[in-house]
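Load the model in your viewer and keep the selection panel open. The stops below are meant to be followed in order.

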Amino acid sequence: MIAILVALASFMEVLDTTIANVALPYIAGGMGVSQDEASWVVTTYLVSNAIILTASSFLARTLGRKTFFLICLGAFTLSSLLCGFAPNLNALLLCRILQGFGGGGMVPVAQSILADSFPPAKRGQAFAVFGVAVVVAPVVGPTLGGWLSDNMSWHWCFLINVPVGMIAVALIWLLLQESPTARTEAQQRGNRFDVVGFVLVATFLGALEVVLDRGLEDDWFGSRFIVTFTVICILAFVLMIPWELSRRHPIIDLHMVATRQFGACFLVMLATGAILLATTQFLPQLVQQDFGYTATWAGLVLSPGGVVTMMMMFVVGRLAAKVQPRYLIAAGAVVCALSMYAMTNVYADLGFWFMARSRMLLGVGLPLIFVPIMAASYDGIQPSKTDQASALINAARNTGGSIGVSIVSNVLMHREQFHQSRLVEQVLPSNPQYQDTLQQITSFFAGHGSSLAQAHDQAIQWIGQQVQTQASYLAYMDAFWVLMLISLAAVPLAMMLRTIKLGGAVHVGH
């Protein structure tokens with residue numbers, strides 16, 4: 001019950017990272033603002049989410065994990081209600097910031113609660129339940145958001161959290177026991193808060209999220225706004241490293257990040273976040289843009305993969321107690337790479353099940369990475385640092401997701417322009433193939449009742465549309481090649497992980 005309730009709360013939080021994406025046109029129309037302005041609804045949530053992650057370890061130790069988790073869940077539920085009734089964009093953005101703060105604190109503490117509540121032998125299965133929430137939620141988000149916006153109202157994208165949140169608060173308050181060691185450890189350490197470190201880390205992560213999320217829309221370094229935030233991000237990062245390395249109780253233990261075990265897990269989670277979020281955002285975009293799918297059918301393309309993921313999570317939960325994490329993670333990365341490789345063969349005659357099968361293959365691979373990486377990342381971590389380890393792993397997933405979406409967005413834009421310019425070079429009156437195609441299409445339209453002049457114009461327009469469509473297919477092929485390489489990069493990182501004791505006590509000192 002604890003695993004299910006904690007996973008349910010985390011499911012809501014991760015769901016809200018993607019559910020608002022498809023509702024942006026409705027929010028823009030309902031509030032009388034441009035879609036560019038409405039996109040800040042997503043950015044503000046991601047930024048506040050990134051900021052609170054760094055402080056969640058200190059707050060969980062100070063208040064107790066159960067108390068802090070309930071405060072976060074309550075704040076998330078209340079701010080969801082306020083988002084649903086926001087009268088204007090400024091009020092909605094403020095509520096989304098509060099929602100991001102509440103949600104950002106929940107997920108890392110949820111992992112710490114599971115790590116404390118379950119013995120090592122059962123921990124893999126507990127993380128499997130949690131993994132279902134974190135991996136399936138981004139898949140459900142666009143589908144659910146699109147359906148609610150189409151059939152009810154964009155307000156329900158936020159209001160749907162309220163009854164679930166209220167039930168989760170009541171049951172967690174009744175069932176969850178406070179960790180007996182958390183406050184004791186905090187008192188022994190003095191539980192000092194690294195204010196300067198928090199400001200530097202929060203500034204670095206927040207500015208990075210803004211740059212990644214807004215860069216393409218604002219023309220990257222052609223925008224003074226993006227240049228300013230890039231400079232802020234770099235300065236905060238440069239100042240953060242010596243400060244955190246010299247503190248006795250840093251907000252982020254960079255020594256832990258630099259270890260072979262945790263550092264490799266951190267980088268693998270970056271790659272996993274990039275694959276998960278990028279494919280979840282751009283596969284529906286592909287089938288809607290180039291295959292004419294409705295929002296509902298685009299969501300259904302992802303659904304079989306979600307079902308496979310749920311089943312695989314529990315299979316991998318059992319495997320994690322018997323097989324070394326590095327082998328499972330490497331196998332998962334290879335399966336994800338095969339899924340991305342299949343999508344590099346995209347063309348106009350593909351049907352629904354080709355897309356769904358590639359997503360199902362990804363649904364096999366992601367759990368093979370996600371569950372073992374959770375168990376491996378805690379190996380060798382002192383109990384007093386599990387909250388910080390959780391925060392860092394979740395920061396890696398969130399930041400990796402933003403990096404993945406940003407990379408694919410840029411690949412699609414620049415490669416589509418490149419391919420279109422190459423294809424246009426062949427569409428010349430002197431090209432015999434072009435003339436042959438033009439005559440055939442003109443005859444087709446003329447045979448359907450158009451005059452010869454109209455048929456000629458329609459044929460030229462049709463050829464232009466085909467050039468754009470083919471350029472788009474080629475750009476998506478390039479994007480999936482990039483995601484395949486990101487997946488394969490996780491294989492050597494996985495093999496760096498050390499052998500851990502399966503099903504026994506967690507190794508602490510090293």
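Buried here means under 20% relative accessible area, exposed means over 50%, and partly exposed covers what lies in between. The model is predicted, and every value in this tour is computed from it.

**Stop 1: helix α11**

Select residues 195-214, which make up helix α11. The helix has 20 residues, and the distance from its first C-alpha to its last is 28 Å. That is close to the 28 Å expected at 1.5 Å a residue. Is α11 enclosed or open to the outside? Of its 20 residues, 14 are buried under the cut-off above, so the helix is largely enclosed by the rest of the structure.

**Stop 2: the nonpolar patch**

Next select M1, I4, W173, L174 and L175, and switch on a surface. These residues make a nonpolar surface patch of about 580 Å². Which helix gives the most to the patch? Helix α9, residues 161-175, does so with three residues. L175 is in helix α9, and its relative accessibility of 38% is why it counts as partly exposed.

**Stop 3: L5 and A168**

Move to L5, in helix α1. L5 is buried, because its relative accessible area is 7%. Now add A168 to the selection and draw a distance between the C-alpha atoms. They are separated by 6.3 Å, although L5 and A168 are 163 residues apart along the chain.

**Stop 4: A20, with F158 and M106**

Select A20, which sits in the loop between α1 (2-15) and α2 (24-31). With a relative accessibility of 1%, A20 counts as buried. Two C-alpha distances can be drawn from here.

- To F158: the two residues are 138 apart in sequence and 8.4 Å apart in space.
- To M106: the separation is 86 residues in sequence and 19 Å in space.

F158 itself belongs to helix α8, residues 156-159. Its relative accessibility is 0%, so F158 counts as buried.

**Stop 5: S48 and I97**

Go to S48, in helix α4, which covers residues 40-63. S48 has a relative accessible area of 3% and is therefore buried. What lies 3.2 Å from a polar atom of the S48 side chain? Show backbone atoms to find the partner: the backbone oxygen of I97.

**Stop 6: the cysteines**

Select C265 and C336 and display their sulfur atoms. How many disulfides are there? The count is zero. A disulfide requires two cysteine sulfur atoms within 2.5 Å. The closest cysteine sulfur to that of C265 belongs to C336 and is 16 Å away, which is too far for a bond. Seen from the other end, C336 is in no disulfide, and its nearest cysteine sulfur is that of C265, at 16 Å. Are these two residues buried or exposed? C265 counts as buried because its relative accessibility is 0%, and C336 counts as buried because its value is 2%.

**Stop 7: the salt bridge**

Side chains of opposite charge can pair when their charged atoms come close. A search of the whole structure finds one salt bridge. Select R415 and D478 to see it: their side chains meet at 2.8 Å, N to O. The pair links distant parts of the chain, 63 residues apart. R415 is in helix α18, residues 386-424, and D478 is in helix α20, residues 452-495. The accessibility classes can be checked on each side of the bridge. R415 is partly exposed, because its relative accessible area is 31%. D478, at 17% relative accessibility, falls under the 20% cut-off and so counts as buried.

**Stop 8: Q470 and H419**

Stay on helix α20 and select Q470, which is located there. Q470 is partly exposed, because its relative accessible area is 34%. Add H419 and draw the last distance. Q470 and H419 are 51 residues apart in sequence, and their C-alpha atoms are 8.3 Å apart in space.

Definitions and conventions:
Residues are numbered from 1 along each chain as its sequence is written. This is a predicted model: local features need pLDDT of at least 70, side-chain atom pairs count only at pLDDT 80 or more; totals for chains, interfaces and linings use all residues. Side-chain values use heavy atoms; hydrogens and water are left out. Patches are made of residues with over 30% relative accessible area and no salt bridge: like charges are joined within 9 Å, nonpolar side chains (Val, Leu, Ile, Met, Phe, Trp, Tyr) within 5 Å. Accessible areas come from the Shrake-Rupley method with a 1.4 Å probe; for residues, only the protein chains shown count as cover. A salt bridge is a side-chain nitrogen of Lys or Arg within 4 Å of a carboxyl oxygen of Asp or Glu. Helices (H or I, at least four residues) and strands (E, at least two) are DSSP runs, numbered from the N terminus. Buried means under 20% relative accessible area, exposed over 50%, partly exposed in between (1.4 Å probe, protein chains only). The expected span of a helix is 1.5 Å times one less than its number of residues. A polar contact is a pair of N or O atoms within 3.5 Å; within protein, one must be able to donate a hydrogen and the other to accept it, and residues adjacent in sequence count only if both atoms are side-chain atoms.
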